[in-house]
Amino acid sequence: MEKDLNIELNKAIDEILRKPPDIGIPADFTDRVVFAAMKRQTMKESLKEFFYKCLIAIASFIVFGIIFYFVTVRTPDMLLSVLLQNWRFILIVAFLGFFVLFNDQVILKYLFRKSRSFF
Amino acid sequence: MKRMEEKELIIKIQEGDINAFRILVDNHKNLVWHIVLRMVSRQDDAEDLCQDIFLHIFKNIRSFKGNSKLSTWIGSIAYHVCIDFLRKKGKEKIIYTDQLPEKNKNSAPINPIIGSMDRAHLKTMVHHIVNQLPVQYRTVITLYHLEGCSYKEITEITGMPDGTVKSYISRARDMIREQVIHCIPDIQPVLFDAND
């Protein structure tokens, strides 16, 4: 009799354990996760785009430097002298350029996305 | 989900296909939810952790080599994320040993029930008892019974040896049964009435 009871109790416990819990996963869970993943992916792509554009800007600067060298200065000493005399100007232009590019490619896109999701 | 379909799904997610990722989440959210909810018990924490787990999967999908089933890999990530969470919170002492631990002395005692009881109450009681078991016990019980995982899959998910998994399942069932009998000394009507 006790053996039957234990068997039945084990069966009842197994049956209960096979059923899902009363607290279910929220209905919008998939949407939330996918949205979060999309945000992350979009940010990653924005940063990648910014990085490639920076490389293009640097490459353009180098090409410009080469043209400037062959057309105007023609000696490494003169080129170095031009660069050292104008290093502040070059630095400010470079900084402004990268700052504007970063804001355009990353920050503004992020803010627009955020405002769209808010409304 | 068949292996070939799994492989195609993984490739699409690696290429950044969000719809493929949505399918993966839909197919495995219950598995992750059951593991996490059983391990951390609090619904708020469980929801946040589940989201973190899937984002972790999305970020690290390239590290899935196809050596195991996708569900096993996802289950393993869910398990280890929960273990890290519990360690940080200091909520559980995680013990990896074949030695069976003593009964949880800190758990709230379940007083014997005098009076009528039905299957619905029995279900609530069993879940309450399971939630008081050590975390490894409740995890293997959930994976074995609720998710229908084999011993091998549970071993791959949790990293516990095969023998430990079997002992934990057996011991957990014994502990649940002992607690139920302690709480419902006259369990017979509950068990046999439902079968009539």
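Trainee: What pattern does chain B follow when it is read along the sequence?

Mentor: In this predicted model, chain B reads α-α-α-α-α-α-α-α-α. Its secondary structure amounts to nine helices and zero strands.

Trainee: How many of the residues of chain B count as buried?

Mentor: Of its 196 residues, 33% do. As for sequence separation, take the contacts in chain B between residues at least 6 apart in sequence: 68% of them join residues at least 24 apart.

Trainee: Let's look at pairs of helices. What makes α6(B) oblique to α7(B)?

Mentor: Start with the angle: α6 (residues 135-146) and α7 (residues 151-158) of chain B pack at about 140 degrees, with their axes 10 Å apart. Roughly antiparallel would need an angle over 145, and roughly perpendicular covers 65 to 115. The value fits neither class, so α6(B) is oblique to α7(B). Their crossing is right-handed.

Trainee: Which residues of α6(B) and α7(B) meet there?

Mentor: From α6(B) come B:T139, B:V140, B:L143 and B:Y144, and they meet B:I154, B:I157 and B:T158 of α7(B). By class, that contact has five nonpolar, two polar and no charged residues.

Trainee: How do you know whether the buried residues of α7(B) sit on the same side or on opposite sides?

Mentor: The buried ones are B:E153, B:I154, B:I157 and B:T158. Around the axis they cover an arc of only 115 degrees, so they lie on the same side of α7(B). These buried residues pack against α4 (70-89), α6 and α8 (162-183) of chain B. After α7(B) comes B:G159, with a positive phi near 80 degrees.

Trainee: Why are α6(B) and α8(B) described as they are, in terms of their orientation to each other?

Mentor: Their axes come within 9 Å and cross at roughly 95 degrees. The range for roughly perpendicular is 65 to 115, and α6(B) and α8(B) therefore earn that description. On the α6(B) side the contact uses B:Q136, B:Y137, B:V140, B:I141 and B:Y144, and on the α8(B) side B:V165, B:Y168, B:I169 and B:A172. Eight of these residues are nonpolar, one is polar and none is charged.

Trainee: And what makes α3(B) oblique to α4(B)?

Mentor: α3 (residues 43-59) of chain B packs with α4(B) at about 130 degrees, the axes being 10 Å apart. That angle is past the 65 to 115 range but does not exceed 145, so α3(B) counts as oblique to α4(B). The two pass each other in a right-handed crossing. In α3(B), the residues B:L49, B:D52, B:I53, B:H56 and B:I57 meet B:I74, B:I77, B:A78, B:V81, B:C82 and B:F85 of α4(B). This contact has nine nonpolar residues, one polar and one charged.

Trainee: Moving to chain A, how do you know whether A:S60 is buried or exposed?

Mentor: A:S60 has 10 C-beta neighbours inside 10 Å. The cut-off for exposed is 12 or fewer, so A:S60 counts as exposed. This residue is found in helix α2 of chain A. From its C-alpha atom to that of A:V71, 11 residues apart along the chain, the separation is 16 Å.

Trainee: Finally, how many residues of chain A are in contact with chain B?

Mentor: There are 25 in chain A, in contact with 33 residues of chain B. On the chain A side, α1 (2-18) and α2 (29-73) each supply at least two residues. That side of chain A comprises 17 nonpolar, three polar and five charged residues.

Technical notes: Residues are numbered from 1 along each chain as its sequence is written. Chains are lettered from A and ligands numbered from 1 in the order in which they are written. This is a predicted model: local features need pLDDT of at least 70, side-chain atom pairs count only at pLDDT 80 or more; totals for chains, interfaces and linings use all residues. Two residues are in contact if their C-beta atoms, placed from the backbone, lie within 7 Å. Helices (H or I, at least four residues) and strands (E, at least two) are DSSP runs, numbered from the N terminus. Ala, Val, Leu, Ile, Met, Phe, Trp, Tyr, Cys and Pro count as nonpolar, Asp, Glu, Lys and Arg as charged, and the others, Gly among them, as polar. Axes are lines fitted to C-alpha atoms, for helices over the stretch in contact, and angles run from 0 to 180 degrees between N-to-C directions. Angles under 35 degrees count as roughly parallel, over 145 as roughly antiparallel, 65 to 115 as roughly perpendicular and the rest as oblique. A crossing is left-handed if the near helix is turned anticlockwise from the far one by less than a right angle, and right-handed if clockwise. A residue is buried if 20 or more other C-beta atoms lie within 10 Å of its own, exposed if 12 or fewer, and partly exposed in between; C-beta atoms are placed from the backbone. The arc is that of the directions from the helix axis to the C-beta atoms.
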